[in-house]
Amino acid sequence: ASGLHADAMGPHEGIFPEVALMQYCAGKRACLIAGMVNLTNYFDAVSIANDSFSSFTNDGFVNSTILPLVDSNIGGILQVELNRNNYMMVAVSRTGCDSGYNPFNSDYCDGYAVVGEYGHIFADGAATLRINPFYTSTDVDMDDGTGERRRQNAGLVASIEYTPCDPLTIYSRAGFAAKQYLSNSAEFSVGANIKLFPSREDDFLGISYGVFKGQTPCDGERAEHNREQVLEVMYSFQVNDYFKVVPHFQYIANPAYSTSSENILWGVQAVFSF
């Protein structure tokens, strides 16, 4: 969904997902994180979706497909707890490093992204609203052969999650971008985690559905279909304290926005933790 992601050492030589310094201040009500940061660890962190190892596996549900959540690149994050129920964050990160290039080398980092988040916790802690504005300025290779051009983009993403009772947590995410050169132009998703068996506290059924409006290429041409729809159903089965099995099913209509076809995917994850 985005061309902003980069692995510091390349896909076949190992990955540093994050190497950064964290400094608390203001009586630990504020925190500054700087270095090679992974913005997906901090922003748009919907609790039942933002974990690709034990929840939904489709990227459109794990994180927003619109937010420029750069991973493994040079940047900084400021977090401030305003009060018990409100917080704010802002991050500035470089962009433009292709996979395999070192983000410390300025020759390959010709752009930046600014991402914000305001969070409000309400309903006695059972609900969280997140609002994420963003701005990017990045060089883009034009498809018409005219070379690179500096492109700016801005947009807004919002998400809400709510736990009305212990067996059920629901969430929804929506967003749009003013321009669509680097990411989707609009998205909407909704999902839920349901604990079916009270005696199995760590097991849950996950269901999520999303509609994603695709990007407009730089040359102005449009894909045959500019909306992709995804339905995912998964079940997290906790075998013991250290091991869980997560089978999942996905139905994807108009994959990659290019055809009127549909894909059906089956998979299973085995997750070890200690």
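Here are some numbered notes on the predicted model shown above.

1. **What kind of model this is.** Keep in mind while reading that this is a predicted model, and that local features are taken only where pLDDT is at least 70.

2. **The overall fold.** The protein chain has one helix and 13 strands. Going along the sequence, the order is β-β-α-β-β-β-β-β-β-β-β-β-β-β, so the helix comes after two strands and the rest of the pattern is strand. There are 274 residues, and 42% of them count as buried. If you take the contacts between residues at least 6 apart in sequence, 54% join residues at least 24 apart. The chain exposes about 14,100 Å², with carbon and sulfur atoms supplying 58% of that area.

3. **The charged trio.** Searching the whole structure turns up six salt bridges, and the ones around Arg 130 deserve a look. Side chains of opposite charge can pair when their charged atoms come close. Here Glu 117, Arg 130 and Glu 161 are linked in a network of salt bridges. On one side, Arg 130 pairs with Glu 117, where the closest N and O atoms are 3.9 Å apart. That pair links distant parts of the chain, since Arg 130 sits in strand E6 (residues 127-141) and Glu 117 in strand E5 (residues 111-122), 13 residues apart. On the other side, Arg 130 pairs with Glu 161, and there the closest N and O atoms are 2.8 Å apart. Arg 130 is in strand E6 and Glu 161 in strand E7 (residues 148-165), so this bridge ties together parts that are 31 residues apart in sequence.

4. **Is the trio buried or exposed?** The cut-off for buried is under 20% relative accessible area. Arg 130 comes in at 9% and so counts as buried. Glu 117 is at 3%, so it is buried. Glu 161 has a relative accessible area of 8%, so it is buried too.

5. **A salt bridge with partly exposed partners.** Glu 201 forms a salt bridge with Lys 195, and the closest N and O atoms are 2.8 Å apart. Glu 201 has 42% relative accessibility, so it counts as partly exposed. Lys 195, at 26%, is partly exposed as well.

6. **The nonpolar patch.** Which residues make the nonpolar surface patch of about 380 Å²? They are Phe 188, Val 190, Ile 207, Tyr 209 and Leu 231. Strand E9 (186-194) and strand E10 (204-213) are the elements that give two or more residues to the patch. Take Val 190 as one of the members: it is found in strand E9. Its relative accessibility is 37%, which means Val 190 counts as partly exposed.

7. **Cysteines.** If you were looking for disulfides, the structure holds zero. Cys 25, for instance, is in no disulfide: the nearest cysteine sulfur belongs to Cys 31 and is 7.4 Å away. A disulfide would need the two sulfur atoms within 2.5 Å, which is why that pair does not count. Cys 25 is partly exposed, with a relative accessible area of 36%. Another one to note is Cys 165, which is partly exposed at 38%.

8. **Gln 238.** This residue lies in strand E11 (residues 227-238). At 15% relative accessibility, Gln 238 counts as buried. What does the side chain of Gln 238 reach at 3.4 Å? The partner is the backbone oxygen of Phe 243. Leaving aside neighbours within four places in sequence, Gln 238 is in contact with Arg 200, Asp 202, Asp 203, Phe 243 and Lys 244.

9. **Trp 266.** This tryptophan is found in strand E13 (residues 262-272). Trp 266 has a relative accessible area of 70%, so it is exposed. Not counting residues up to four places away in sequence, Trp 266 touches His 248 and Phe 249. Trp 266 and His 248 are 18 residues apart in sequence, and their C-alpha atoms are 6.0 Å apart in space.

Notes:
Residues numbered from 1 in each chain as written. Predicted model: local features only at pLDDT ≥ 70, side-chain atom pairs only at ≥ 80, totals over all residues. Heavy atoms only, no water. Patch = residues over 30% accessible without salt bridge, like charges linked within 9 Å, V, L, I, M, F, W, Y side chains within 5 Å. Areas by Shrake-Rupley, 256 points an atom, 1.4 Å probe, with all protein chains shown as cover. Salt bridge = Lys/Arg side-chain N within 4 Å of Asp/Glu carboxyl O. Helix = DSSP H or I, 4+ residues; strand = E, 2+ residues; numbered from the N terminus. Buried < 20%, exposed > 50% of the residue type's maximum accessible area, 1.4 Å probe, protein only. Contact = heavy atoms within 4.5 Å. Polar contact = N/O pair within 3.5 Å; in protein donor to acceptor, adjacent residues only side chain to side chain.
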